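Hi,

Here is the structure I promised to pass on. Have a look at it first, and then read my notes below.

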Amino acid sequence: MNDQNLDRQSSLHPETLAIRIQQKRGEREHSVPLYMTSSFVFDDAEQARAMFADEIQGNIYTRFSNPNVNEFIEKLTVLELAEDGIGTASGMSAVFTGMAALLKSGDHIVAARSVFGSTHQILVKILPKWGITHTYIEGSTREEWENAIQPNTKMFFLETPSNPGLQLYDLEMIGKLANEKGIILNVDNCFATPIIQQPMKYGAHLVTHSATKFIDGTKMRLIPPYQTVIFAADTSHEFASNLILDRPHPGLGTTLRQVLMGIKSTIYPEFPVFHSIY
Ligand SMILES: Cc1ncc(COP(=O)(O)O)c(C=O)c1O
């Protein structure tokens, strides 16, 4: 089997996909080597120009993309039934990025009350600084979610099971409502992992993981920078243009620059051809 050409819609079992989705082998190695390099070299100036111009795909700088991060993202997007994803430096930067990238001042989040403590801090301390408000609900009935929606509600956020309360939410019911109302459903799936639960089956648009939990199989390792935010299949949705189309330069720095400073494009004087539009 060619690991590079695995069909994303393959009928292979998740256990097989988790192992078989691998980067191209360079030396017939069994395990993928760690690419501990800040940047990558080019065959010639023309290849560099073409990569910076996004005419051909390839690794340029590790914050943009790196074979190990690429593999991690690819495995998770396939397992989570997502279209694309980005790797960030921690689970919290993933949670923050998903919210900061897709919301703007004046927007509102409806969140299930049982969220991880640091996510709570983002909702109550950080986002309000930029005029992004939230309403907490218990979240077990459709009425609660529906009644909490305001004209400016842009996102539903929940963890299921939650940390540490192990609260469970009805993804099918919440996903249906979110899609009926045109609201982004953002699910932190790090406790269940996609092996047990795939929120996108129920209409989630965004799935977040903290890779220090069950996704590493042991929940004991810290494997930065392989935390991830994953995006759904609907590229017509507003968030697709914010982040997915920015590939292959999905670094957190890019995202934050875009979101926090309102920068619409970057011109690199040394590379006039690389004019990055966000
Ligand atoms: C549900 C949940 N989301 C997000 C995070 C944050 O992840 P990290 O510690 O990798 O920043 C955690 C960490 O405990 C968590 O339990």
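Before we count anything: helices and strands here are DSSP runs, with at least four residues for a helix (H or I) and at least two for a strand (E), numbered from the N terminus. Counted that way, the protein chain has ten helices and nine strands. Keep in mind that this is a predicted model. Of the 278 residues in the protein chain, 36% are buried. Among contacts with a separation of 6 or more, 64% are between residues 24 or more positions apart.

Let's start with the ligand. It has 13 residues around it, and those that come nearest are S90, G91, M92, N163 and S210. Which helix gives the most to this shell? That's α4, with three residues. By type, the shell has four nonpolar, seven polar and two charged residues.

Now stay with α4, which runs over residues 91-102, and look at how it packs with α5, residues 117-126. The angle between them is about 30 degrees, and their axes are 10 Å apart. Their crossing is right-handed. On the α4 side you'll find M92, V95, F96 and M99, which meet S118, T119 and I122 in α5. Sorted by type, the residues of this contact are five nonpolar, two polar and no charged. M92 turns up twice in this story: in the contact with α5, and among the residues that come nearest to the ligand.

Next, scroll along to α7, residues 171-181, where the buried residues are L171, I174, G175 and A178. Why are they on the same side of α7? Because they cover an arc of only 100 degrees around the axis. The general rule behind such patterns is that an α-helix has 3.6 residues a turn, so residues three or four places apart point the same way. The cover over the buried residues of α7 includes α6 (142-148), β4 (153-159) and β5 (184-188). Turn to the face pointing away from that buried side, and you'll see the exposed residues E172 and E180.

Last stop: G182, just after α7, has a positive phi of about 70 degrees. This glycine sits in the loop between α7 and β5. Is G182 buried or exposed? A residue counts as exposed if 12 or fewer other C-beta atoms lie within 10 Å of its own; G182 has 10, so it is exposed. Its C-alpha atom is separated by 9.1 Å from that of M155, although the two residues are 27 apart along the chain.

Have fun exploring!

How values were computed: Residues are numbered from 1 along each chain as its sequence is written. This is a predicted model: local features need pLDDT of at least 70, side-chain atom pairs count only at pLDDT 80 or more; totals for chains, interfaces and linings use all residues. Axes are lines fitted to C-alpha atoms, for helices over the stretch in contact, and angles run from 0 to 180 degrees between N-to-C directions. A crossing is left-handed if the near helix is turned anticlockwise from the far one by less than a right angle, and right-handed if clockwise. Two residues are in contact if their C-beta atoms, placed from the backbone, lie within 7 Å. Ala, Val, Leu, Ile, Met, Phe, Trp, Tyr, Cys and Pro count as nonpolar, Asp, Glu, Lys and Arg as charged, and the others, Gly among them, as polar. A residue is near a molecule or strand if its C-beta atom, placed from the backbone, lies within 6 Å of it. A residue is buried if 20 or more other C-beta atoms lie within 10 Å of its own, exposed if 12 or fewer, and partly exposed in between; C-beta atoms are placed from the backbone. The arc is that of the directions from the helix axis to the C-beta atoms.
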